[in-house]
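Biologist: I'm new to this one, so please pick a single part, the stretch towards the end of the first chain, and take me through it closely. Then set it in its surroundings, and tell me how far to trust what I see.

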Amino acid sequence: MNKLNKIGVSALCGSLAAISAVNAGELTVTGGADMTWMSQDDSVTGNPLGIGSNYGLSGSGELDNGWSVALSIAMTNANAYSNTSITVGVPGVGDILFNQGGSGTGIQRLDDVTPTVWEEADGAGLSATINKISGGSAGATIEIKPEAVPDGLTARFAYTADADGSSSTSDKGTGGDSGVAGAGWDLTLEASDALHGMAGLTVYAGMANVDQYANGAATTGDREEYVWGAKYAIGGFTVGYQKSNEETGVTGTTEYDNTAYGITFNVNDNLSIGYGHVESDESGQGLESPEANTFSAAYTMGGATFRIADISVDNQGYSAATTADLDSRVVSLGLAF
Amino acid sequence: MNKLTKVGCSALCGSLAAIASANAGTLSVTGGADMTWISNGTAVTGNPLGMGSNYTLNGAGELDNGWAFSLAIANGNLRAYSATVINLDMGMLGSINFNSGNSGNGIAAIDDKMPTAWEETWGAGVSTGVRLPLGSGSSQNIQWKSPAYGDNGTYIALTHAHDYGSADINDKATGSTEGDSADSSTDIVLNINPSLGTEILSGLNIFGGASQIKANAVGATRDDIYEGVAGVTYDIGPLSLGAQWSADYTGIDAEHKGHASNVYNLYKAVAYGVAFNVNDDLSVSYGRWTARKAGKTSTTTSTTNAEIDVTSAQIAYTMGGASIRIADTDAEDVSWSDGNNQSATTISLGLAF
């Protein structure tokens, strides 16, 4: 952690500040690559070889008053910009996260946290195209994680002023003044054994509300989302189950009910296997219920991880078409730095 | 080099892995800037000042069995994504290279190995339009490269692209379709340093490669494409000499696929170069690249627009972390356009980090 005497503004503003400035230290680069070979039954796929290339720039420092600051600038594959987040740690108060639209804030961080050895049941290359809870995380978000809570309880409250279309607004700019979604808030709670006394058990829940303007012709009210779930680790096993619900606040599809569960087993220090399931029930239009079932295995070998996933998806995208039933196998070699 | 017992995938996957994980360390950044001033003879050029801004993220690690791996995520000028390359060195089993298509594998890696003080003859300020052998290198490919034989760098490399023309596909995804004109491609490259145990031949390097790009039965508008490269370089003291030949058959054959009767279907090129290190800091070079259309699908005998001739004289001076380079390049019949002659004098200041 770097101790600062003054915080410079040159890097932020591009101007010549009257106050001399020093840097908080160097940005470090972390990231990795993930090579995959993907085969899909009954599909023409062309090139089955894919290479991921995510990386992020990270920095941290400390102010004179003891507050901590941390910066993260994230890029996704092919150098595409993802998001920027800044975390300010205030002793006695908690952490304040300013996020430009990363998907890991608010209730979205709990959209599917059932146990897995690699990816979510529908996240290893073949998606079931399930509508999942997102809260206000699509917009720029301020999230507070207070310290003044009982031991073993983690609470987070997130707020966004505009839950759509304003996630990548630069400094000195505004955005997202169109669209149906308005302000939104998310609340999540996670409890470990330090609170409830049962070792290995984690329970969690969350809720979110996003204002929706009536200028959308299909709008009938605000969007509301809920989630609850539990994970339990004993020996080499970890099991988990969760339910989530979204009341869309629009005509047509009025509600989604999602269920996810998974189990993993650590065979040894290097090898783990897992099974995951996710499904979604739609209300309002009588659409089919998509689901995904995935068996996966992961093997770590020094600096690399080999993964294999066998994925089966039915009714992809809430469709009844025969082409919406898909199967895929993905082999992956991942390197992380 | 970082030794790991476990590697996490949290940054890649966003999932909660059942097995605890650790990173191989941090990525390092290398790169630089290259400032150039180009004078294009009598041509109107507008702003002659250019600036390059490439950088690459690099990482390396080692598996439990001692195999080494490395990662490079390369970006070109203006932060434009270039390619991702992962290399797994398996010791005596050779190496496996996963490449998203940066033209660094297969015969693209030997498209021009002529000695030069700075850039290739066709790459120092004039856009010449010469055809270069690409093979599998510009597509997402996997390459196996044998371990170097002895101390002289002799090796063989096999490169395969499952879908020629498809590049930069993300993980857990597939790319392109089978409906285009090309299917898979395969390259073989052989590099030999036949010193024969003699000192005078220790600087001799012979290289060659071939590529086959299969035509797709779905898009059957042509035959298979064949490309080939062969050449030799020789270093003796401060002097480096080289010559190479390349050719590609485009697969367009009027007799078989009904193309227009006056389409060229064969291109050939010959190149040579000489470079001389005056001292540790100063080097000079001269190179020539001549490309010609060498085949037709009919008896049309026109010889216009059939040859591109490029010459470039270069000088480079290194000064600590900076290099100053000057290239004087002349090109005739640029882009196969008869009488389209261009010249350029390029001054460069390069900084590498």
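Modeller: First, a word on strands and helices: these are DSSP runs numbered from the N terminus, with at least four residues (H or I) for a helix and at least two (E) for a strand. Residues count from 1 along each chain as its sequence is written, while chains get letters from A, and ligands numbers from 1, in the order in which they are written. Keep in mind that this is a predicted model, where local features need pLDDT of at least 70, side-chain atom pairs count only at pLDDT 80 or more, and totals for chains, interfaces and linings use all residues.

Now to your stretch. Let's start at strand S13 (residues 255–266) of chain A, where the chain's confidence is highest, at a mean of 98. That score is pLDDT, the predictor's confidence in each residue, from 0 to 100. S13(A) runs antiparallel to strand S14 (residues 271–283) of chain A, and 12 bridges join the two. For two strands to count as paired, DSSP has to find at least two bridges between them. S13(A) and S14(A) make a hairpin, with four residues between them. Across this pair, A:Asn258 faces A:Ser280 of S14(A).

Move one strand along and S14(A) also pairs with strand S15 (residues 291–301) of chain A, again in the antiparallel sense, over nine bridges. Here A:Tyr275 has A:Phe295 in S15(A) as its bridge partner. A handy thing to remember when you look at side chains: in a regular strand they alternate between the two faces of the sheet.

Further on, A:Asn315 sits in the loop that links strand S16 (304–314) to strand S17 (326–336) of chain A. A:Asn315 isn't a glycine, yet its phi is positive, about 55°. It counts as buried because it has 22 C-beta neighbours inside 10 Å. The cut-offs are 20 or more other C-beta atoms within 10 Å for buried, 12 or fewer for exposed, and partly exposed in between, with C-beta atoms placed from the backbone.

S17 of chain A also brings in the other chain. The largest nonpolar core has 26 residues, and A:Leu335, A:Tyr55 and B:Ile73 are among those with the most contacts inside it. S17 of chain A and strand S5 (68–75) of chain B are among the strands that each supply at least two of its residues. The largest share, five residues, comes from S5(B). Such a core is a set of buried Ala, Val, Leu, Ile, Met, Phe, Trp, Tyr and Cys residues joined through C-beta atoms within 7 Å. Leaving aside neighbours within four places in sequence, A:Tyr55 is in contact with residues including A:Met75, B:Leu57 and B:Ile73. Contact means that the C-beta atoms, placed from the backbone, lie within 7 Å.

Stepping back, chain A has two helices and 17 strands, and 42% of its 337 residues count as buried. Of its contacts between residues at least 6 apart in sequence, 55% join residues at least 24 apart.

As for trust, chain A has a mean pLDDT of 87, and 91% of its residues reach 70 or more. The weak spot is helix H1 (residues 10–13) of chain A, where confidence is lowest, at a mean of 39. Over residues 1–20 of chain A, pLDDT stays under 50. Where pLDDT is low, the predicted coordinates should not be read in detail.

Definitions and conventions:
Contact = placed C-beta atoms within 7 Å.
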